[in-house]
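My notebook is open, and I am starting with the charged pairs before I turn to helices and cores. Here is what I had on screen while I wrote.

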Amino acid sequence: AIALRQAGFSGSIAMVGRERDPPYERPPLSKDYLAGKKPFERILIRPEGFWKERGIALVGGCEIVAVDPEQRLAEATDGRTFGYGDLVWAAGAEPIALDCPGEDLAGVHRIRSRGDADRLRGALPDVGKVPVVGGGVLVLGRFVLPWLLHVAAFLSREAFSLSVLLASVGTAYLAASLGLTMAAGAFLAGLVLAEGEFSHQV
């Protein structure tokens with residue numbers, strides 16, 4: 001949308017999405033925003049008034065569920081229909097859910113949206129232990145380990161006990177440097193909630 005306006009496009013532009021917030025950067029949700037280092041306004045892609053000033057409509061709180069390419073119509077979950085000349089489908093992706101018993105327990109969090117991060121932050125004062133499950137081999141070294149270092153430092157400052165379960169990777173230096181409880185080279189088989197605390201089965 002920004003590039004179209006910069007290129008001189010003067011037609012109507014609408015961005016339709018599930019979230020009601022203006023567009024924002026997602027990586028800080030699990031880093032500076034979660035740690036309270038940055039308020040939400042500082043992770044916005046552009047200030048809130050930017051979109052209106054450039055004639056870009058933000059349509060939040062609904063999702064596109066059907067597209068008629070012949071009629072050039074897109075139907076939303078709330079029943080509204082949007083006509084279009086050109087359609088850009090930029091749906092993004094959902095975090096991969098745990099495929100094991102217990103993944104639907106209260107207190108199991110995945111972060112994709114601001115609401116997800118807010119719920120996790122809101123739950124932290126009531127817990128003493130925070131298990132973190134992750135470890136896609138191809139992206140672990142470049143993305144996940146720096147994230148874990150950041151999160152672990154934050155949780156350590158807040159006096160939480162952090163345990164990390166990673167799959168198929170040597171991460172001894174991380175455990176040694178942060179004093180983490182770690183099970184590397186293992187795969188999660190299940191989560192168990194007992195006496196108000198989670199335990200994992202590998």
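**Entry 1: ground rules and salt bridges.** For a salt bridge I ask that a side-chain nitrogen of Lys or Arg sits within 4 Å of a carboxyl oxygen of Asp or Glu. By this rule I count nine salt bridges. I note that this is a predicted model, where local features need pLDDT of at least 70, side-chain atom pairs count only at pLDDT 80 or more, and totals for chains, interfaces and linings use all residues. Residues are numbered from 1 along each chain as its sequence is written, and side-chain values use heavy atoms, with hydrogens and water left out.

**Entry 2: the chain as a whole.** I looked up the secondary structure and found five helices and 10 strands; these are DSSP runs numbered from the N terminus, helices being H or I with at least four residues and strands E with at least two. For burial I use relative accessible area: buried is under 20%, exposed is over 50%, and partly exposed is in between (1.4 Å probe, protein chains only). Of the 202 residues of the chain, 29% come out as buried. The accessible surface of the chain is about 12,800 Å², and carbon and sulfur atoms hold 53% of that. Those areas come from the Shrake-Rupley method with a 1.4 Å probe, and for residues only the protein chains shown count as cover. I then turned to contacts, meaning heavy atoms within 4.5 Å. Among contacts in the chain with a separation of 6 or more, 48% join residues 24 or more positions apart.

**Entry 3: Asp116.** Which helix holds Asp116? I find Asp116 in helix H3, which covers residues 114-123. Asp116 counts as buried because its relative accessibility is 15%. Its side chain reaches the backbone nitrogen of Ser113 at 3.0 Å. That fits my rule for a polar contact: a pair of N or O atoms within 3.5 Å, where within protein one must be able to donate a hydrogen and the other to accept it, and residues adjacent in sequence count only if both atoms are side-chain atoms. Leaving aside neighbours within four places in sequence, I see Asp116 in contact with Arg110 and Ile111. Asp116 also has a salt bridge with Arg119, the closest N and O atoms being 2.7 Å apart. Both residues lie in H3, three residues apart, about one turn of the helix.

**Entry 4: which way H3 faces.** I list Asp116, Ala117 and Leu120 as the buried residues of H3. Seen down the axis of H3, they fall within an arc of 95°, so they line one face of the helix. The arc is taken from the directions from the helix axis to the C-beta atoms.

**Entry 5: Arg114.** Buried or partly exposed: what is Arg114? Arg114, also in helix H3, is partly exposed because its relative accessible area is 23%. Arg114 forms a salt bridge with Asp118, with the closest N and O atoms 3.8 Å apart. Because the two are four residues apart in helix H3, about one helical turn separates them. Asp118 is partly exposed too, at 32%. Outside four places in sequence, Arg114 is in contact with Glu19, Asp21, Tyr24, Leu29, Tyr33 and Phe40. I also noted Glu25: its C-alpha atom is 9.8 Å from that of Arg114, with the two positions 89 residues apart along the chain.

**Entry 6: cores.** A nonpolar core here is a set of buried Ala, Val, Leu, Ile, Met, Phe, Trp, Tyr and Cys residues joined through side-chain atoms within 4.5 Å. The largest has seven residues: Tyr24, Leu29, Tyr33, Phe40, Ile43, Leu44 and Ala117. Apart from it lies another core, of five residues, including Ile2, Ile13, Trp51 and Ile56. Back in the largest core, I followed Phe40, which touches Asp21, Pro22, Tyr24, Tyr33 and Arg114, not counting residues up to four places away in sequence.

**Entry 7: other charged groups.** Asp78 and Arg80 form a salt bridge, their closest N and O atoms being 2.8 Å apart. Asp78 is partly exposed at 39% relative accessibility, and Arg80 is partly exposed at 38%. I also found Glu19, Arg26 and Arg112 linked in a network of salt bridges.

**Entry 8: Val16.** Last lookup: Val16 lies in strand E1, residues 13-16. Val16 is partly exposed, with a relative accessible area of 31%. Leaving aside neighbours within four places in sequence, Val16 is in contact with Val59, Cys62, Ile64 and Phe82. The C-alpha atoms of Val16 and Cys62 are separated by 7.1 Å, and the two are 46 residues apart along the chain.
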